[in-house]
Amino acid sequence: ALYPTLVLYSCLVLREAYVWFFLLIALYGIVCWSKDRGFKSLIIIFIGFSGATFFHGGMFIGGLIFLIIFVLFYFIEIIKSLNNLKISINSLVIFSLSVISIIYLISITHSIPKLGSFELMFDVERLLGEIESRNINRAAFPEWTIPITAFEYIYKAPIRVIYFIFSPFPWDIKIFSHFFGLFDGIFHMMLFILFIKNFKSIWSDQSLRIIFIILVSYFVVFGLGTGNFGTGIRHRTKFIIVSILMVAPWIPQLVF
């Protein structure tokens, strides 16, 4: 209740509660699907990601990534059945429908706010312009993180993602209010340390593995689309619950 970005009273922050709600529904569906492979779980996942996308277009990426993972899962199932000289009609039908769904979703990205068309997502010149225009205000990321050329974009993109997750760093503090962001970044660092220490346990769990891949995709997309840590703090709060869920069993060890 006292988490800094939740205290702010504005329309931008108030909508985040709905994003968290629907994202948690989607994650609940993913956990259920990992256990039962049921159609009901897929409906829950669809409702979750659709609801989250309604309140912020960038949340669409998580649903698309899950669908890609879903397709790969059934593609592997089909390969295994062929190796055993059997054809799984059920897997083949689901795989075909999923591929069609991915093609359809990619074709409608132009109508989703914040994203634009699928082609524009990979237009490096446009991305460079967007990044430069968003590096504004006193909370802007350092100028040396702004890529000027396509080659700089390759190695500066990971740096900007790191800034999105952990900034502001001590050398970025310009005014007293930035200290709230510093504490927020330290909290994310603590969660990251717990994640690194327990990576094998997390990766061995199928549900957490899928959630981790989706979380990384969100961090990459929002990290590249954010130009200052003021906006970054608000955006990464979307994923604070997910981050805590990933390492929840080991948090008491850190506390004590």
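These legends accompany close-up views of a predicted model.

In this predicted model, local features need pLDDT of at least 70 and side-chain atom pairs count only at pLDDT 80 or more, while totals for chains, interfaces and linings use all residues. Residues are numbered from 1 along each chain as its sequence is written, and side-chain values use heavy atoms, with hydrogens and water left out.

**View 1. A nonpolar surface patch involving helices H5 and H6.**
Let's start at the surface, where Phe75, Ile76, Ile79, Leu82, Ile87, Ile89, Leu92, Val93, Leu97 and Ile100 make a nonpolar patch of about 940 Å². Patches are made of residues with over 30% relative accessible area and no salt bridge, with like charges joined within 9 Å and nonpolar side chains (Val, Leu, Ile, Met, Phe, Trp, Tyr) within 5 Å. The accessible areas come from the Shrake-Rupley method with a 1.4 Å probe, and for residues only the protein chains shown count as cover. Helix H5 (60–83) and helix H6 (89–107) each supply at least two residues of this patch, and H6 gives the most, with five. Helices (H or I, at least four residues) are DSSP runs, numbered from the N terminus, as are strands (E, at least two). Phe75, in helix H5, has a relative accessible area of 40% and is therefore partly exposed; buried means under 20%, exposed over 50%, and partly exposed in between (1.4 Å probe, protein chains only).

**View 2. A salt bridge within helix H9, between Lys156 and Glu152.**
The side chains of Lys156 and Glu152 meet here, 3.4 Å from N to O. A salt bridge is a side-chain nitrogen of Lys or Arg within 4 Å of a carboxyl oxygen of Asp or Glu, and by this rule the count comes to two. Lys156 and Glu152 are four residues apart in helix H9 (residues 150–166), so about one helical turn separates them. Both of these residues, Lys156 and Glu152, are buried.

**View 3. A salt bridge between Arg236 and Asp184.**
In this pair, the closest N and O atoms of Arg236 and Asp184 are 2.5 Å apart. Arg236 lies in helix H13 (residues 229–236) and Asp184 in helix H10 (residues 178–197), so the salt bridge ties together parts that are 52 residues apart in sequence. Arg236 and Asp184 are both buried. The axes of H10 and H13 come within 11 Å and cross at roughly 45°, which means that H10 is oblique to H13. Axes are lines fitted to C-alpha atoms, for helices over the stretch in contact, and angles run from 0 to 180 degrees between N-to-C directions. Angles under 35 degrees count as roughly parallel, over 145 as roughly antiparallel, 65 to 115 as roughly perpendicular and the rest as oblique. H10 passes H13 in a left-handed crossing; a crossing is left-handed if the near helix is turned anticlockwise from the far one by less than a right angle, and right-handed if clockwise.

**View 4. Backbone details at Pro168 and Arg37.**
Most residues other than glycine have a negative phi, and most peptide bonds are trans. The peptide bond from Ser167 to Pro168 is cis, with omega near 5°, and Pro168 sits in the loop between H9 and H10. Arg37 is not a glycine, yet has a positive phi of about 55°. Look for Arg37 in the loop between helix H3 (16–36) and helix H4 (39–55), where its relative accessible area of 30% makes it partly exposed.

**View 5. Helix H3 beside helix H4, with Phe21.**
H3 and H4 pack at an angle of about 160°, with their axes 7 Å apart, so H3 is roughly antiparallel to H4. Their crossing is left-handed. Phe21, in helix H3, counts as partly exposed because its relative accessibility is 47%. Phe21 and Lys238 are 217 residues apart in sequence and 9.8 Å apart in space, C-alpha to C-alpha.

**View 6. Helix H5 crossing helix H12.**
The axes of H5 and helix H12 (residues 206–225) come within 9 Å and cross at roughly 140°, so these two helices are oblique to each other. H5 passes H12 in a right-handed crossing.
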